[in-house]
Amino acid sequence: KGYVETVPGPSTQYFGALAKELGIYLHVGLAEVDAKTDLYYNTVVAFAPTGEIVAKYRKMGLYKIEENYLSKGTEGVTYDAPFGRVGIIICSDVYHEQPIASYRPGNVEILALSTSWAAMNSGWSAFTTAARSAHMYVLAANMPYFPDSGVINPDGSAQSHIRQTTRGTAYGYLPKKAMTLKRR
C-alpha cells in the first residue's frame with residue numbers, strides 16, 4: 001500500500017500547488033487506492049491554474065496483466081478549459097473503442113493522453129490513429145525512457161513529435177476555442 005494513495009492526497013496537494021504557482025493546467029498520473037472500496041486504479045488527475053482538481057480519470061483499457069492488480073475505470077471524464085473541452089485517456093486506452101467513444105457525444109475536442117509506452121518508437125501510430133478515429137486533437141505525453149510524445153491534429157497529422165530523445169518539449173497550436181472545429 002505504500003505506493004498508492006487517495007485522491008485527494010499528498011501528491012494531489014503537491015501538484016495542485018504547483019499548477020497554481022505556475023498558472024497552468026497540469027495532468028498527473030498516479031496509482032490510486034479508493035478509500036471506500038480499497039480498489040486500486042491507474043489514475044490521471046487534472047488541475048486547473050487555480051490549483052483545484054478539475055477531473056479525475058481512471059484507466060478503462062487495462063493492458064495484459066494489469067487486470068491482476070488494477071480495477072477498470074467505468075467512464076470518460078472531461079473538463080472545460082479556455083481552449084475547449086478536454087477528455088482524458090491513459091496509455092492502452094488508445095487500443096480500446098470504449099474510452100475514446102465515450103467522449104464523442106460530449107463535444108470533446110481534445111484528448112489528453114498520459115502514457116508510459118512500453119516499446120521504443122511504437123506508440124505514435126496508435127496515437128495518430130486515435131486522433132483520426134475520434135477526430136480530435138491528441139496531446140500525447142510519454143515517459144522519457146521510450147519517447148513518443150507530441151501534438152496531433154484531428155486528421156492524424158503531427159504538429160510536433162518528440163522521438164529518439166529523452167529531452168524536449170512538444171509544442172503545438174490549439175484554436176482558442178477548439179469547439180468551433182467541424183466534426184465529420
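This section describes a sheet, the helix that lies across it, and the salt bridges of a predicted model.

The sheet is open and consists of 6 strands, arranged in the order E4-E5-E6-E7-E8-E9 with mixed pairing. Its edges are formed by strand E4 (78-81) and strand E9 (158-163), each of which pairs on one side only. On average, and with direction ignored, neighbouring strands of this sheet are turned by 20° against each other.

Strand E8, which comprises residues 148-152, was examined together with its two partners. Strands E7 and E8 run antiparallel and are joined by 3 bridges. Within E8, Gly150 has Ala140 standing opposite. Strands E8 and E9 are likewise antiparallel, and 5 bridges join them. Here Ile152 of E8 faces Ala158 in E9. The hairpin of E8 and E9 has 5 residues between the strands, and in this hairpin Gly156 takes a positive phi near 90°.

The directions of the side chains in E8 can be considered next. In a regular strand, side chains alternate between the two faces of the sheet. In E8, Asp148, Gly150 and Ile152 point one way, whereas Ser149 and Val151 point the other way. Residues pointing in either direction are buried. Because 5 of the 5 residues of E8 are buried, this strand is largely enclosed by the rest of the structure.

Helix H3 (residues 124-134) lies across four strands of the model, namely strand E6 (110-114), strand E7 (137-141), E8 and E9. The helix runs at about 20° to E8. The loop between E6 and H3 contains Thr115. Thr115 has a relative accessible area of 6%; this value is under 20%, and the residue therefore counts as buried. When residues up to four places away in sequence are not counted, Thr115 touches Cys91, Phe127, Ala141, Asn142 and Met143.

Attention now turns to charged side chains. Side chains of opposite charge can pair when their charged atoms come close. In this model, the count comes to 6 salt bridges. One of them is formed by Arg58 and Asp34, with the closest N and O atoms 3.0 Å apart. Arg58 belongs to strand E3 (residues 53-58), while Asp34 is in the loop between strand E1 (26-33) and strand E2 (40-47); the pair therefore ties together parts that are 24 residues apart in sequence. Both partners have little accessible area by the criterion of under 20%. The relative accessible area of Arg58 is 17%, so Arg58 is buried. The corresponding value for Asp34 is 16%, and Asp34 is therefore buried as well.

A further salt bridge links Lys59 with Glu66, whose closest N and O atoms are 2.9 Å apart. Lys59 and Glu66 are both buried. In another salt bridge, Arg104 is paired with Glu97, the closest N and O atoms being 2.7 Å apart. Arg104 has a relative accessibility of 31% and so counts as partly exposed. Finally, salt bridges with shared partners join Glu32, Asp34, Lys56 and Arg58 into one network.

Notes
Residues are numbered from 1 along each chain as its sequence is written. This is a predicted model: local features need pLDDT of at least 70, side-chain atom pairs count only at pLDDT 80 or more; totals for chains, interfaces and linings use all residues. Side-chain values use heavy atoms; hydrogens and water are left out. Two strands pair if DSSP finds at least two bridges between them. Helices (H or I, at least four residues) and strands (E, at least two) are DSSP runs, numbered from the N terminus. Axes are lines fitted to C-alpha atoms, for helices over the stretch in contact, and angles run from 0 to 180 degrees between N-to-C directions. Contact means heavy atoms within 4.5 Å. A salt bridge is a side-chain nitrogen of Lys or Arg within 4 Å of a carboxyl oxygen of Asp or Glu. Buried means under 20% relative accessible area, exposed over 50%, partly exposed in between (1.4 Å probe, protein chains only).
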